[in-house]
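Reader: I am new to this structure and would like to go through it slowly, asking at each step what the words rest on. Could we begin once it is in view?

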Amino acid sequence: MTGLVDPRRALELFDQGATVVFQGLQRYHQPLADLVAELELELGHPCQANAYLTPPGSQGFAVHSDSHDVFVFQTAGSKDWEVHDPATDEVERVTMEPGLLLYLPTGTPHAARAQETVSLHVTIGINQLTWRDLTRRTVEDLLPAPEHLPAGYLDDPAALRDGLATRLRALADELEGVDTGAVAEDAVRRFLTSRVPRLRGGLHDVLTEVADDTELRRRTGRPCVLLDRDDRVEVLLGDRAVTMPAWLRPALDVVRTARTLRPADLPISEQARLVLCRRLVREGLLEVSAP
């Protein structure tokens, strides 16, 4: 098997001053999974949680900067942070202790060293989606099929000038007709169907018989965005989208706005609401409330 940690070697390295890094901790630690899921919905940007365990008096990394925004919170011990102002290179020193939060905008040079005791801190990285990304994707969808540059353009740059001008005019005409509402909806759909599935307790839920009085609740950090599609409604669930008949819209509106509910709360027939709730449990939007 590959990808396994040698615990004895890890302990030896830690004893020598190495920092232990837990990458993507939101995949394994439920409180961080919930925090990251809610942050992603609040911000509209992908997020990731890492943890750094540093032995006393050690420093994990030299001064460096990240290509994304970072929130740092200390959970055990203390750590001295050296934070540089990117504009002036002035240095500020901050001692992080449990209960404190540090925000580092993209490109902020920094380094940190543990003090007299072992230090554990968690970082939440915000991998920003940008206007540049959205603009590039919109333009790329309008570009024509690839064409070779004409032979002989090295001796006749005008061939490039005229050809480029023609293509840019055509692209400008295409851009005039862009439906920005459709582009915006596609961006929302793209984000809300590409998140990591979060299905803790899913096996228990699908094996539980959902009755009309069973208490259900929305899973933490799971969206429920409804997009009308003529006689259908598309439901964006975070990691996927499902399509349902439009007549279920009133019931889905209740699901979308309620923190907890029972199938009996939905304004459709008993058979239909039980089928709907059981489907939404299987899809991971709803979970059975604990007794």
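Author: Helix H7 (residues 249-257) lies across E10, E11 and E12, and runs at about 160° to E10. This is a predicted model, in which local features need pLDDT of at least 70 and side-chain atom pairs count only at pLDDT 80 or more, while totals for chains, interfaces and linings use all residues. Residues are numbered from 1 along each chain as its sequence is written, and side-chain values use heavy atoms, with hydrogens and water left out.

Reader: What makes H7 a helix and E10 a strand, and what does the angle of about 160° refer to?

Author: Helices (H or I, at least four residues) and strands (E, at least two) are DSSP runs, numbered from the N terminus. The angle is taken between N-to-C directions, from 0 to 180 degrees, of axes that are lines fitted to C-alpha atoms, for helices over the stretch in contact, where contact means heavy atoms within 4.5 Å.

Reader: How do you know that strand E11 and E12 pair?

Author: Two strands pair if DSSP finds at least two bridges between them; five bridges join strand E11 (residues 232-236) to E12, and the two run antiparallel, so the definition is met. Glu 234, for instance, has Thr 243 in E12 as its bridge partner.

Reader: Why are strands E10 and E12 said to stand at the edges?

Author: The open sheet has three strands in the order E10-E11-E12, with antiparallel pairing. Strand E10 (225-229) and strand E12 (241-245) each have a single partner strand, so one side of each is left without a neighbour in the sheet. Neighbouring strands here are turned by 25° against each other on average, direction ignored.

Reader: Why is Ala 62 called exposed?

Author: Exposed means over 50% relative accessible area, buried under 20% and partly exposed in between (1.4 Å probe, protein chains only); Ala 62 has 54% relative accessibility and therefore counts as exposed. Ala 62 lies in the loop between strand E2 (47-54) and E3, and touches His 110 and Ala 111, not counting residues up to four places away in sequence. Ala 62 and Ala 111 are 49 residues apart in sequence, yet 5.8 Å apart in space, C-alpha to C-alpha.

Reader: How do you know that strand E3 and E6 pair?

Author: Four bridges join strand E3 (residues 69-76) to E6 in the antiparallel sense, and the requirement of at least two bridges is therefore satisfied. Val 70 stands opposite Leu 104 in E6.
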